Amino acid sequence: MAARPRIPSSDSFEWQQVWKAPVSLKVVTTAWKVLKQRMATCDNLQRRQVLISSSEARCTLCKLNEESIEHLFFDCQKAVEIWNEILIWIGKLAVNHHTAKDHFLAFTNLGRKEDISFLTCVWICTIWCLWKLRNGCKFNQELWSKDKMIAEIKSRLWSWRMAFDFKTPATVFRRWCAAANLSG
Ligand SMILES: [Zn+2]
């Protein structure tokens with residue numbers, strides 16, 4: 001894991017949380033850019049005067065709406081399907097929030113205080129996998145597959161598991177994939 005600079009103490013709670021997550025810098029940085037509205041989504045590129053055709057500006061996942069951070073990660077029907085599946089997995093219900101900050105704060109507070117670190121990692125991982133899939137679909141003709149996405153999110157999280165405080169020492173991957181163990 002690459003060394004990272006110190007947390008700016010003046011920065012907000014959500015960034016402090018993301019920064020502390022025990023994952024690689026590139027994954028953390030992607031989540032940070034989403035929270036800070038700095039992703040290279042088509043709306044942001046157009047704002048920077050990068051010329052994009054109207055078909056290119058469309059969301060790669062649904063091909064219906066214009067791509068923005070809010071749309072791609074939180075409003076797109078494809079993204080909503082992923083979040084819903086993740087919620088079922090962690091055994092929680094939640095309304096969908098439409099901005100990155102609200103979504104992050106609501107999601108990471110779905111469990112108890114002890115769950116914040118794990119839920120932060122789930123959120124970061126889902127964002128990372130959605131962005132990777134978006135790039136794969138846009139540049140490498142990858143195809144959308146909800147099952148593949150969910151499997152990738154879970155296996156990445158599992159690879160970070162040493163950083164989580166699992167309550168059940170005997171947790172095995174297959175059982176964990178069926179239902180995540182929150183402390184509550
Ligand atoms: Zn979409």
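**Exercise 1.** In this predicted model, determine where Arg112 is found and whether Arg112 counts as buried or exposed.

*Solution.* Step 1: Arg112 belongs to the loop that runs between helix H6 (100–108) and helix H7 (116–140). Step 2: A residue is exposed if 12 or fewer other C-beta atoms lie within 10 Å of its own. Step 3: Arg112 has 11 C-beta neighbours inside 10 Å, and therefore counts as exposed. Step 4: Leu182 is 70 residues apart from Arg112 in sequence, yet the C-alpha atoms of the two are 8.1 Å apart in space.

**Exercise 2.** State which residues of H6 are buried, how they are placed around the axis, and what covers them.

*Solution.* Step 1: The buried residues in H6 include Ala100, His103, Phe104, Phe107 and Thr108. Step 2: Because their arc around the axis is only 110°, these residues lie on the same side of H6. Step 3: An α-helix has 3.6 residues a turn, so residues three or four places apart point the same way. Step 4: The cover over the buried residues of H6 includes helix H1 (13–20), helix H2 (25–35), helix H4 (69–75) and H7.

**Exercise 3.** For Gln37, give the sign of phi, the location and the exposure; then do likewise for Lys63.

*Solution.* Step 1: Most residues other than glycine have a negative phi. Step 2: Gln37 has a positive phi, near 60°, and is placed in the loop between H2 and helix H3 (42–47). Step 3: Gln37 counts as partly exposed because 15 C-beta neighbours lie inside 10 Å. Step 4: Lys63 also has a positive phi near 60°, and its place is in the loop between H3 and H4. Step 5: Lys63 is exposed, since 11 other C-beta atoms are within 10 Å.

Notes: Residues are numbered from 1 along each chain as its sequence is written. This is a predicted model: local features need pLDDT of at least 70, side-chain atom pairs count only at pLDDT 80 or more; totals for chains, interfaces and linings use all residues. Helices (H or I, at least four residues) and strands (E, at least two) are DSSP runs, numbered from the N terminus. A residue is buried if 20 or more other C-beta atoms lie within 10 Å of its own, exposed if 12 or fewer, and partly exposed in between; C-beta atoms are placed from the backbone. The arc is that of the directions from the helix axis to the C-beta atoms. Two residues are in contact if their C-beta atoms, placed from the backbone, lie within 7 Å.
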